[in-house]
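Here is a short report for a reader who is new to this structure. Please look at the sequence and the model before reading on.

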Amino acid sequence: MRRLPPEPPSGEITPEPLYLRRREFIKLGARVAGTAAVVGGGLLWLVGKGPPPDEPEQSPLAEAAGTTPTGPYDTDEPLTSNREVTTYNNYYEFGVDKDDPARNAHTLQTRPWTISVEGEVARPQVIDIDTLLKWFPLQQRVYRMRCVEAWSMVIPWLGFPLGDLVKRLEPTGKAKYIEFTTLLDPKQMPGQRSPVLDWPYVEGLRLDEAMHPLTLLAVGLYGKTLPNQSGAPLRLVVPWKYGFKGVKSIVKIRFTESQPQNTWALAARNEYGFYANVNPAVDHPRWSQASERRIGEFQRRPTLPFNGYAEEVASLYAGLDLRRYF
């Protein structure tokens, strides 16, 4: 039986099943200079408007990193610094503190890597990650990302629309949902040796959510290959949902007729539902969702419905009770 934590103090708040295990601490500071440095070098290289960094990362994304972004869904808000994006992470497979993943994720081996496609699909198969990278042109997407713990970031992802892959795989008429599963390997992922969650990590989307052009399979950020702590080599990015939807290190994609179980709903169903759409009008049982703190800033800001993407995605939930399915 999971122990219930006491009412949390102010500041960053940890999801209930992990609260007593966390050594939360807020690393605030003016780190705008770090963002500016990246924008001046690596990011301009990414969009083809500047020279490559002095020491560009050698990876399968080297050629794709010069791809010009498509742009229609990009936010023009200031980017969160590369340092914060890659050192302030929720990735419990590598530890429950925000800085644990960056410290521990070096144990993950991202090659060879395959993704199994199963379920209600015309073309079940096992796809090598490097084969997958050849199928679709990579795009930069600058998205707002929000965590249910009431902090947020702005991240320049590199990836391709999940919908493009779905079309290629040809789901059957019975497919209504897609289930995503993370690698299960306690030797590589030391956090899986602890029963803080039921491993492996599993998440899901409705098929129409998966097909929306905002939904991304990301393989990089800031113009480079995803670092291990950010979900390498393949992760889900759904910018209008809370961050726990962003399943990382994906090894299985399964098309289903019924709604899949998702890890956090199993851990604390009263706190984490299947939909995970950002609804600032519905408080988390232990804190308010009405405001958030952008990492790198001191002041809080109002939380936007659907994380600011209501114009693009609200129609997906017409008639749905967004207080129940928040």
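How many aromatic pairs does a search of the whole structure find? The search finds 13 aromatic pairs. This is a predicted model, so local features need pLDDT of at least 70 and side-chain atom pairs count only at pLDDT 80 or more, while totals for chains, interfaces and linings use all residues. Residues are numbered from 1 along each chain as its sequence is written, and side-chain values use heavy atoms, with hydrogens and water left out.

## Aromatic pairs

A pair of aromatic rings is described by the distance of the centres and the angle of the planes. Rings of Phe, Tyr and Trp (its six-membered ring) pair here if their centres lie within 6.5 Å; planes under 30 degrees apart count as stacked, over 60 as edge-to-face and the rest as tilted.

The rings of Y91 and F94 have centres 4.9 Å apart and planes at 85 degrees, so this pair is edge-to-face. Buried means under 20% relative accessible area, exposed over 50%, and partly exposed in between (1.4 Å probe, protein chains only). Y91 is buried at 2% relative accessibility. F94 is buried too, at 1%.

F136 and F160 form a stacked pair, with 4.8 Å from centre to centre and 25 degrees between the planes. F136 lies in the loop between α4 (129-135) and β3, and F160 in strand β4, so the pair ties together parts that are 24 residues apart in sequence. Helices (H or I, at least four residues) and strands (E, at least two) are DSSP runs, numbered from the N terminus. F136 counts as buried at 11% relative accessibility, and F160 is buried at 1%.

Ring pairs also build a cluster: Y177, F274, Y275, F306, Y317 and Y325 are linked in this way.

## The sheet

Y177 leads to the sheet, for this residue is part of strand β5. Strands of a sheet pair through backbone hydrogen bonds, either parallel or antiparallel. Two strands pair here if DSSP finds at least two bridges between them.

The open sheet has five strands in the order β2-β1-β10-β5-β6, with mixed pairing. β2 (125-128) and β6 stand at the edges with a single partner strand each, so one side of each is left without a neighbour in the sheet. On average, neighbouring strands are turned by 20 degrees against each other, direction ignored. Axes are lines fitted to C-alpha atoms, for helices over the stretch in contact, and angles run from 0 to 180 degrees between N-to-C directions.

Three antiparallel strand pairs are tabulated below.

| Strands | Bridges | One bridge pair |
|---|---|---|
| β5 and β6 (residues 202-206) | five | E179 and G204 |
| β5 and β10 (residues 250-256) | six | Y177 and T256 |
| β1 (residues 114-119) and β2 | four | T114 and D128 |

Is strand β5 enclosed or open to the outside? Six of the six residues of β5 (residues 177-182) are buried, so the strand is largely enclosed by the rest of the structure. Both faces are covered: Y177, E179 and T181 are buried on one side, and I178, F180 and T182 on the other.

## Helix α5

The buried residues of helix α5 (residues 162-169) are L162, G163, L165, V166 and L169. They cover an arc of only 160 degrees around the axis, which puts them on the same side of α5. The arc is that of the directions from the helix axis to the C-beta atoms. After α5 comes E170, whose phi is positive, near 60 degrees.

## Salt bridges

Side chains of opposite charge can pair when their charged atoms come close. A salt bridge is a side-chain nitrogen of Lys or Arg within 4 Å of a carboxyl oxygen of Asp or Glu. The whole structure holds 15 salt bridges.

One of them joins K98 and E149 at 3.0 Å, N to O. K98 lies in the loop between α2 (82-87) and α3 (100-104), and E149 in the loop between β3 (139-146) and β4 (151-161), so the pair ties together parts that are 51 residues apart in sequence. K98 is buried at 5% relative accessibility, and E149 at 2%.

R103 and D100 meet at 2.2 Å, N to O. They are three residues apart in helix α3, separated by about one helical turn. R103 is partly exposed at 43%, whereas D100 is buried at 8%.

E297 and R301 belong to a network of salt bridges with E77, R144, R146, E292 and R294.
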